[in-house]
Amino acid sequence: MRPDLDDLDDEIRGHMALSVKERIERGEDPEAARLAALKEFGNVTLTRDSMQGVWRHRWFESAEALGRDIRFAMRALMRVKGMAATVVVTLALGIGANAAVFSVVRGVLLRPLVNRDEDRLVYIRQSATGLGAGGENMTFSVPEINDLKSRATTISAFGDFSTVDLALIGLGGEPRMVKAGVVGGAFFDVMGLHPVLGRLLNAGDDGPKAEGAAVLTYRFWTTSLNSDPTVIGKTIRLGPRTAIVVGVLEPSVPYPADTEIIANIVTSPHHLGATMVTNRSHRMTELFGRLAPGTSVDAARAELTALYAAIVREHPEAYSKKANIQLTVKMLRDQIASPARTILLVLLAAAAVVFVIACSNVANLILARSVRREGELAVRAALGAGHGALRRTLLAESLVLCGAGAVLGVLLAQPLVSLVSRYAARFSIRALDVTVDASVLWVGASLAIAAAVLLAYVPRLPSPHAPAGLGLASGSVRITPGTNRRLRVFATIQVACSFVLLAGAGMLLATVVALQAANTGYNMRQVLAFDIPTPAPGVAAPQGDFYQETTRRVGRLPGVEGVALSMFVPWRDAGSFGPGPQFTVEGYTPADGEENPRARFRVVSPGFFAVLGVPMLAGRDFTDDDRSGGELVAIVSQSVAQRLFPNGEAVNRHMWWTDPYFGKPAPRRIVGIVGDVDDENIVRAPAQAIYQPVRQIGVAGRLFVRAAGDPYALVPAVTRAIREIAADQPVERAATLEDIRAEVLSPERLNAFVFSAFAGIALLIAVVGVAGVLAFSVSARTREFGVRLAIGSAPRQLLARVLGEGVGIAAIGIAAGAAGGYALARVAARFFTTVQLPGAVPVLGAAVVLICAAVIASLMPAARASHVDVVQALRSE
Amino acid sequence: MTKTSDAPRLELLQGTLDMLVLRTLQWGPRHGHGIGQAIRSQSDDLLKVETGSLYPALHRLVKRGWLKAEWGISEANQRARYYQLTAAGKAQLSVERDRWSQLVDAIGRVMNSASAIKE
């Protein structure tokens, strides 16, 4: 049925022959008749195409035509390599950033966990909603867990997990402190995890009579033990106990803590002690549950909340009214992802903004190009190309550009994913194992198609009503006010979006700068801190003597200016002792309804303040004579002295802890006052602290060494000196206070870095955009500038004029960005609690940067405008 | 290059070409050129069908099953494609003819109504 191409040609030839024959019969000259017949027939190819078209499916026809258009587009783009390259790179940045951020979002927020039936796994949390926003996670005590276990029906099994620090000896290498999880036998089954080697812990490992058993985490086994399979069955020492390595856990999200080993209860003496087992307020255990068959998480939440209310009523003493403790139940996967949600959504927004900037920049370039192509499009329209065909031509070109951009963007996404996931890992451990997957390709492809379609509709087609003659005749560029306006609108959008990103990045940078510049009150450079954790098993000598001996031996080392002990490394140990216990002093009565004041409880050795550079304001330092059996003494910080002894008579008065943790109140004489330092917070706040001498407490665990020269050069000697006293003593994490603070600051630095990177990309694209618009505008107005120069304008005036236009675009963009950013922040504040508006400095800074960028971007086109060759310009056109 | 006819020509109304083609084929097969000529002469040179519209229309009608085509030899001694009404084509012709007379009638009433004359 369907005729082939030869048939169609035959049919047309047949028609021609008949037409010619008829004319000749009417008496026309054969040659004239042939020409007339041809003329009468019209466009042979077009007719043949539409005859053929009748037989084709619509989509096939469009696809074939698009293929042809794409080949044409490639050839056309090869002629404008610079423009094509700019478009491709710009799009690649936009697409790459989006694809990378999206795969991390997908990996962290959307991917299921490896745990068996992870959609049945819930995390149960006890929050002190009365203490700070969001509610502090209180975890659970053993009696609480037992109550829930015995009463709940919606949870088929509970798993418990608590974290302890243990000295690990064995498995080769030096003795070292490891983070260990201590779990009940049900834990692994509830979590639905499997071993890669050996077995996991089970009910047989429960109870005080069981043999010590430990499971290694996959990370520890692969990184520290080189995946050694012979490790199974080996005996290790965990503090004072021993355990047998029974298996290696499969790779899984290390939640609630990233530990090296997970061991049974019997390995931790603390877990067998009376405090742990019977004290309802001794909370240190995380609780997980597996939903009973047929129950929903809502049902479990309802039941557990009701049970919990009953428990609280039965034991009012363990639940302070002020803390307003509440129980929540949520899916484990949501619990793991929740801290990362906000930051990832913000990242996603930043990436989307970069994409908008990239698209509007590309739209600019394509618009400018299409204006130059107006002549070509007019010719095509005159030759019979319909609107559809013209759009298809444009679409083909933008598809080629965007396709290339997407390919490059996906390649770019690869390294970006590892960067972003390392960054996001600070908020959710799940980000660590995010890899580039097929989703990147999908995101890249769909963004590219979105961009291509968008861009194909940017240029205006030649209107059928407009006189095409001019466009056909002159090959020169004529820029219409409409086009010019559109170009400027796109450039303004870029500036506006860049402004939002720049202001955001500026805000984060300002925070980091302020934090880094802050005075801490410590000698930061020369003081090395070591962890020499207690209890250190195998140390024969009593603790007090061990510290005494350590101080003596380390102090004798060459290059050591001072040695001191404490229980707390500033910032690194932040949060490990809670908000500080309550105390009172003689002669102080709290006002009605006011609680006793709180202060940080710190244990230090003589010389601590001198070594760390904290000034002694009054009284004396501790001495070696402040030991147990002697008079109880304390040193207070300036703010304690000022608050409780406003008349300055703190020294020689007495204070005592009222917190039940300290047992019977024992008055201590205040022997000195030291300056305020803040060892918890990076942003220094007035911190009340009370210090007690090591020799009246017996434990310390942190060593501070003040070095004369390079502090790190002392590390081997200090380690050696301590091992001479106690061979198994871990000596770890040597770092100067300066580096510790920098380490703690690194999330902020990383935040600022990531956002600065986004803002930098945005700025770069915006500069290219503004420069492109002006360059185009200048080249289209060569004649105008020629005339201006001819009638006496100074080149400098033209220069200023073009610069002014650039700055104008930037100014409008900044205003739009400021308004839009403010509105955006208002909207975001409804969804997130922690939305901050940047201060004046970052906003002004961003504005200045953008204006400068606009001036730089305008310089080249402006220079070109002022150097227009008058004669040439007037002759052209 | 002289024009064969300077008579004022009418634009074909949208959608009437198919009907005209079917009508010219009512009395037997013709090739494309012949169909064009028939429309022209039967309209006293008032209607002229562009080849660019005619041939795609013929193929379209074949595809719909209203015409069938066979190769033959034309008066010019060339291979030519002869078109012929099918049964479905005949039915379609009467449908289109009815619709057309309704349309002419309706438009006529509007154009000749009393109020339009007063205008």
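Colleague: What share of chain A is buried?
Modeller: Of the 877 residues in chain A, 42% are buried, where buried means that 20 or more other C-beta atoms, placed from the backbone, lie within 10 Å of the residue's own. This is a predicted model, in which local features need pLDDT of at least 70 and side-chain atom pairs count only at pLDDT 80 or more, while totals for chains, interfaces and linings use all residues. Residues are numbered from 1 along each chain as its sequence is written, and chains are lettered from A and ligands numbered from 1 in the order in which they are written.

Colleague: And α5(A), mostly covered or not?
Modeller: Mostly covered, since 22 of the 30 residues of α5(A) are buried; helices here are DSSP runs of H or I with at least four residues, strands are runs of E with at least two, and both are numbered from the N terminus.

Colleague: How far apart are its end C-alpha atoms?
Modeller: They are 41 Å apart in α5 (residues 81–110) of chain A, which agrees with the 44 Å expected at 1.5 Å a residue, the expected span being 1.5 Å times one less than the number of residues.

Colleague: Switching topic, how many residues of chain A are in contact with chain B?
Modeller: 21 residues of chain A are in contact with 19 residues of chain B, contact meaning C-beta atoms, placed from the backbone, within 7 Å. The largest share of that side of chain A, 9 residues, comes from α1(A).

Colleague: What about the sheet in chain B?
Modeller: It is an open sheet of 3 strands in the order β1-β3-β2, with antiparallel pairing, where two strands pair if DSSP finds at least two bridges between them.

Methods. A residue is buried if 20 or more other C-beta atoms lie within 10 Å of its own, exposed if 12 or fewer, and partly exposed in between; C-beta atoms are placed from the backbone. Two residues are in contact if their C-beta atoms, placed from the backbone, lie within 7 Å.
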